[in-house]
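Colleague: Hi! Could you walk me through this structure when you have a minute?
Modeller: Happy to, let's have it on screen.

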Amino acid sequence: MKLRRRKNWFSRNCSHLYSGWRYGSQVEAESLSRLNELDEMKEKLDSRKLVMGNMSMHSKVVKEKVKKQEEQLSNDIRSLLVAGTSLSAASKRLQDESRSLAGERGYGQLRTLQRVFRTRQQYMVSQVHMLYPVRVAIGQAPEQELEFFNNSSSSGDSAGSKPLDHGSLTIAGLHLTVFTKMSFFTDKKEVQRSATALGYVAHVVTLIASYLQVPLRYPLRFGGSRSYIRDYAPSVEPSSSDLTSSSAVSTNSRPVEFPLFLEGQDSTRAAYAVFLLNKDIEQLLNYIGGRSIGPRHVLANLKELLRIILSPEYIDTSL
């Protein structure tokens, strides 16, 4: 009987123990499940915190950028205001200057002074033209202003010269004949008259250049019928060793003088002197807006220069 009771008690205890163990296993499983859920929720929370932190940093960067842009915009607005004020002041000054230029002491006075200056220039050139008139010869043999060539001629009074189509012009009554060479048959008086005519041309060119205040490319050394013209261009091409020298050496180089007469001189140098003299006349023509008739028409170009300066249009032409 006691043994049966013990067995029943043991079986009841075992049943209770089994039930408790089973209940504990269920509780432990539920606890583990909840812990896993908590861990997942924690990871999600951490990821959201990270995203929020990144968004917060980005927001700060954007905010700073916007602030800088606002400051830059504010500076630009201030600069525009200052520039607008300066522009308004400049516009007012421009209007004042325009009114002053339009007045009696402005552009009108400048035009008046220019007309007076041009009139004075015209008067002085007219005096030179009276001293050295360039006219077409009338009632004489159709002698012409001559071109120079380096070819030789057989003989005669016109030895070494060739006539041009433009001609019968004289300066102070003298024809200009440029001989390319001296020969036994060359008229010495004609050579002297040509040298005198070239001296007249050189004097006229020198005076007009001084009146117009134009520095001649080829300066003249006036000496009547024994005048010279200077060329500052080097007659010999520089070598490679010369290129190492300074530019001051070239500027200090002595000019080469060429005679505007043939007697006792090399004919090639004399012909080149006449060519340079014509270049000076072309320079003056270009300065006053004229055009050269040709590279060998010395008297024709000089006559055109005098015609333009002595014309009424010259006074009203702007510089």
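Modeller: One definition to start with: a salt bridge here is a side-chain nitrogen of Lys or Arg within 4 Å of a carboxyl oxygen of Asp or Glu. Please also keep in mind that this is a predicted model.

Colleague: Good to know. How many salt bridges does the count come to by this rule?
Modeller: The count comes to four salt bridges.

Colleague: Let's take arginine 221. Which side chain does it meet in a salt bridge?
Modeller: Arginine 221 pairs with glutamate 257, with an N to O distance of 2.9 Å. Arginine 221 is in strand E6 (residues 220-221) and glutamate 257 is in strand E8 (residues 256-259), so this salt bridge ties together parts that are 36 residues apart in sequence.

Colleague: And what does arginine 230 meet in a salt bridge?
Modeller: Arginine 230 also has a salt bridge with glutamate 257, at 3.0 Å from N to O. That pair links distant parts of the chain too, with arginine 230 in strand E7 (residues 228-231) and glutamate 257 in strand E8, 27 residues apart. Put together, Arg221, Arg230 and Glu257 are linked in a network of salt bridges.

Colleague: How accessible are the residues of that network, starting with arginine 221?
Modeller: Arginine 221 is partly exposed, with a relative accessible area of 35%. Glutamate 257 counts as partly exposed at 23%, and arginine 230 does so at 24%.

Colleague: Now a helix, please. Where do glutamate 282 and lysine 279 lie?
Modeller: Both are in helix H5, three residues apart, which is about one turn of the helix. Their side chains meet in a salt bridge with an N to O distance of 3.6 Å.

Colleague: Is glutamate 282 buried or exposed?
Modeller: Glutamate 282 is buried, with a relative accessible area of 14%. Its partner lysine 279 is partly exposed at 32%.

Colleague: What about asparagine 278, where does that one lie?
Modeller: Asparagine 278 is in helix H5 as well, which covers residues 267-287. Asparagine 278 is buried, at a relative accessible area of 1%.

Colleague: Which residues is asparagine 278 in contact with, leaving aside its neighbours within four places in sequence?
Modeller: Those contacts are Gly294, Pro295, Arg296, His297, Val298 and Asn301.

Colleague: Switching to the surface: which residues form the negative patch?
Modeller: Glu37, Asp39, Glu40, Glu43 and Asp46 make up that negative surface patch. Aspartate 39, one of these, is in helix H1 (residues 2-102). At 44% relative accessibility, aspartate 39 counts as partly exposed.

Colleague: Last topic, the backbone. What is the phi of alanine 172?
Modeller: Alanine 172 has a positive phi of about 55°, although it is not a glycine. You'll find alanine 172 in the loop between strand E4 (169-171) and strand E5 (174-175). Alanine 172 counts as partly exposed, at 36% relative accessibility.

Colleague: And what is phi near for glutamine 213?
Modeller: Phi of glutamine 213 is near 60°, again a positive value in a residue other than glycine. Glutamine 213 belongs to the loop between helix H3 (188-212) and E6.

Colleague: Is glutamine 213 buried or exposed?
Modeller: Glutamine 213 is exposed, with 61% relative accessibility; the cut-off for exposed is over 50%.

Colleague: Thanks, that helps a lot!

Terms used
Residues numbered from 1 in each chain as written. Predicted model: local features only at pLDDT ≥ 70, side-chain atom pairs only at ≥ 80, totals over all residues. Heavy atoms only, no water. Patch = residues over 30% accessible without salt bridge, like charges linked within 9 Å, V, L, I, M, F, W, Y side chains within 5 Å. Areas by Shrake-Rupley, 256 points an atom, 1.4 Å probe, with all protein chains shown as cover. Lys, Arg positive; Asp, Glu negative; His and termini not counted. Charge placed at Lys NZ, Arg CZ, Asp CG, Glu CD. Helix = DSSP H or I, 4+ residues; strand = E, 2+ residues; numbered from the N terminus. Buried < 20%, exposed > 50% of the residue type's maximum accessible area, 1.4 Å probe, protein only. Contact = heavy atoms within 4.5 Å.
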